[in-house]
Structure formats: structure tokens, C-alpha cells
Amino acid sequence: STQKIESYKEKILLINKSDIDLSSLYSKYKQVLFYDDSLPYCGRILSCISNLNLSHILFINDTDVVMHKEDSTIELLVKTMKDFDIDRIDLQYQHPKWNPKTKLIPVNDFNLIKQENINRYIFNVNPSIWKLSSFVELLDNFKDQGYREVEKHTQSFCLRYNIYKLHGKYINM
């Protein structure tokens with residue numbers, strides 16, 4: 001369901017090739033990209049996004065529902081990513097318990113906390129903002145991995161990236 005993000009003009013839908021008439025969807029998206037459903041999860045995404053001419057993307061799986069969005073917060077996060085050379089921000093909120101030795105970047109009334117513990121899923125399939133080149137590299141290295149398998153097999157690999165998670169009091173997205 002993309003009702004909460006209908007106002008975004010730059011939305012791109014990734015969807016499996018089908019014989020079903022999807023023309024009613026086309027007007028709701030800037031672009032509709034088709035993938036081969038026989039490919040594993042990472043290969044599907046890679047086949048669609050590897051040729052996009054973008055610096056950053058907000059990536060949301062169809063299993064996630066946007067409950068609220070705040071455009072200025074998303075824009076601020078992308079600016080922060082550029083300023084601090086961040087590869088990914090996991091948009092799943094993290095409660096205040098954290099290791100004080102972990103790198104923290106203050107952003108308005110919340111923080112970004114660097115993810116370095118491979119036992120806490122540095123990479124996951126949560127909604128996130130990615131530097132596109134980093135996401136493409138990750139997917140290319142794990143293109144044979146399925147939806148849940150990729151979470152198991154990418155953790156050590158992801159230590160090469162600057163991945164952060166939202167942290168602090170309730171964050172209004």
C-alpha cells in the first residue's frame with residue numbers, strides 16, 4: 001500500500017513481469033520496472049535498480065506499510081547521509097539503550113547510531129535510505145540470496161559500509 005507516499009512524484013515501482021493489465025498503476029509512479037520473478041530477492045532488486053541514475057533511494061518492500069511520512073525529515077536524512085558519507089540509514093526506530101562508545105550523529109531532536117554489531121542485523125530488509133552505489137554493490141555480491149537468507153549472509157560484509165539506525169525519542173517520519 002503506497003497511499004501515504006502518493007504525493008511523492010519520484011516513486012518507482014519494482015514489480016514482477018505479469019500478463020495482468022497494470023496500466024492503472026503507471027500513472028501513480030514515475031517509472032514501473034519489471035523483474036523476473038524466478039530470480040532470488042537480491043537479483044530481482046539488482047536487475048531493476050542497477051541502471052538508475054540516482055545518488056540515494058528510499059527503499060521500502062511491499063511487506064512494509066508507511067504509517068506516516070515527514071518529507072522534511074527524509075530530506076534532512078539524505079543531506080546528513082551526504083555530509084557524513086553514510087551508506088544506509090535503517091528507518092526502524094531503536095529504543096534508547098545503546099553502547100556509549102558507538103559513533104553517534106545528532107540530527108535535530110534524534111540521533112543516528114552507527115551499526116557495527118553483526119549479531120544485531122547491520123543489514124536487514126527494513127525500510128531504509130541507501131546510497132544507491134552501496135546498495136547495488138551489496139546486491140551484486142549477494143544476488144543469489146533470497147529475502148530472508150540475505151539477512152543471514154551479509155552481516156560481516158556490511159561492516160565495510162557506514163550504516164546507521166534512528167535512535168532517540170519517538171521520531172515522527
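**Notebook: burial, helices and selected residues**

I began with a cysteine: C158 has a relative accessibility of 1% and therefore counts as buried. The model I am reading is a predicted one. I then looked up C48, which at 7% relative accessibility counts as buried. I also checked for disulfides and found zero in the structure.

**Entry: the chain as a whole**

I listed the secondary structure and obtained five helices and eight strands. Read from the N terminus, the order of elements is β-α-β-α-β-α-β-β-β-β-α-α-β. I noted that the chain has 173 residues, of which 44% count as buried. The exposed area of the chain comes to about 10,200 Å², and carbon and sulfur atoms supply 49% of that area. I next looked up contacts between residues at least 6 apart in sequence; 69% of these join residues at least 24 apart.

**Entry: helix α2**

I turned to α2, residues 41-49, and asked how many of its nine residues are buried. The count is seven, and the helix is mostly covered. I recorded the buried residues as Y41, C42, G43, I45, L46, C48 and I49. C48, noted above at 7%, is thus one of the buried residues of this helix. What covers the buried residues of α2? I found that the cover includes three strands, β1 (12-16), β2 (31-35) and β3 (56-59), together with the helices α4 (132-141) and α5 (149-153).

**Entry: helix α3**

I compared the span of α3 with expectation. Its 14 residues, at 1.5 Å a residue, should span 20 Å, and the end C-alpha atoms are 20 Å apart, which agrees. I then asked which residues of α3 are buried. They are T73, I74, L77, V78, T80 and M81. Viewed down the helix axis, the buried residues of α3 fall within an arc of 160°, so they line one face of the helix. As a general point, an α-helix has 3.6 residues a turn, so residues three or four places apart point the same way. On the other side of α3, I noted E75, K82 and D83 as exposed.

**Entry: two positive phi values**

I recalled that most residues other than glycine have a negative phi. I therefore looked up two residues that depart from this, D85 and Y121, in view of that general tendency. D85 is not a glycine, yet its phi is positive, at about 50°. D85 comes just after α3, in the loop that leads from α3 (71-84) to β4 (88-94). Is D85 buried, partly exposed or exposed? With a relative accessibility of 45%, D85 counts as partly exposed.

Y121 has a positive phi near 55° and is likewise a residue other than glycine. I placed Y121 in the loop between β6 (110-114) and β7 (128-131). Its relative accessibility is 41%, so Y121 counts as partly exposed.

**Entry: H56 in strand β3**

I located H56 in strand β3. At 17% relative accessibility, H56 counts as buried, because the cut-off for that class is under 20%. The side chains of H56 and S55 are joined by a polar contact of 3.0 Å. Which residues does H56 contact, leaving aside its neighbours within four places in sequence? I recorded V78, M81, K82, I86, W130, K131 and L132. Among these, V78 and M81 belong to the buried residues of α3, whereas K82 is exposed on the other side of that helix.

**Entry: S128 in strand β7**

I located S128 in strand β7. S128 has a relative accessible area of 1% and is therefore buried. I found a polar contact of 3.2 Å between the side chains of S128 and W130. Not counting residues up to four places away in sequence, S128 touches I57, L58, F59, R88, I89, D90 and L91.

**Entry: K9, before β1**

I closed with K9, which is found in the segment before β1. At 67% relative accessibility, K9 counts as exposed. I looked up the separation of K9 from K30, which lies 21 residues away along the chain; their C-alpha atoms are separated by 6.4 Å.

Terms used:
Residues are numbered from 1 along each chain as its sequence is written. This is a predicted model: local features need pLDDT of at least 70, side-chain atom pairs count only at pLDDT 80 or more; totals for chains, interfaces and linings use all residues. Side-chain values use heavy atoms; hydrogens and water are left out. Buried means under 20% relative accessible area, exposed over 50%, partly exposed in between (1.4 Å probe, protein chains only). Helices (H or I, at least four residues) and strands (E, at least two) are DSSP runs, numbered from the N terminus. Contact means heavy atoms within 4.5 Å. A disulfide is a pair of cysteine sulfur atoms within 2.5 Å. The expected span of a helix is 1.5 Å times one less than its number of residues. The arc is that of the directions from the helix axis to the C-beta atoms. Accessible areas come from the Shrake-Rupley method with a 1.4 Å probe; for residues, only the protein chains shown count as cover. A polar contact is a pair of N or O atoms within 3.5 Å; within protein, one must be able to donate a hydrogen and the other to accept it, and residues adjacent in sequence count only if both atoms are side-chain atoms.
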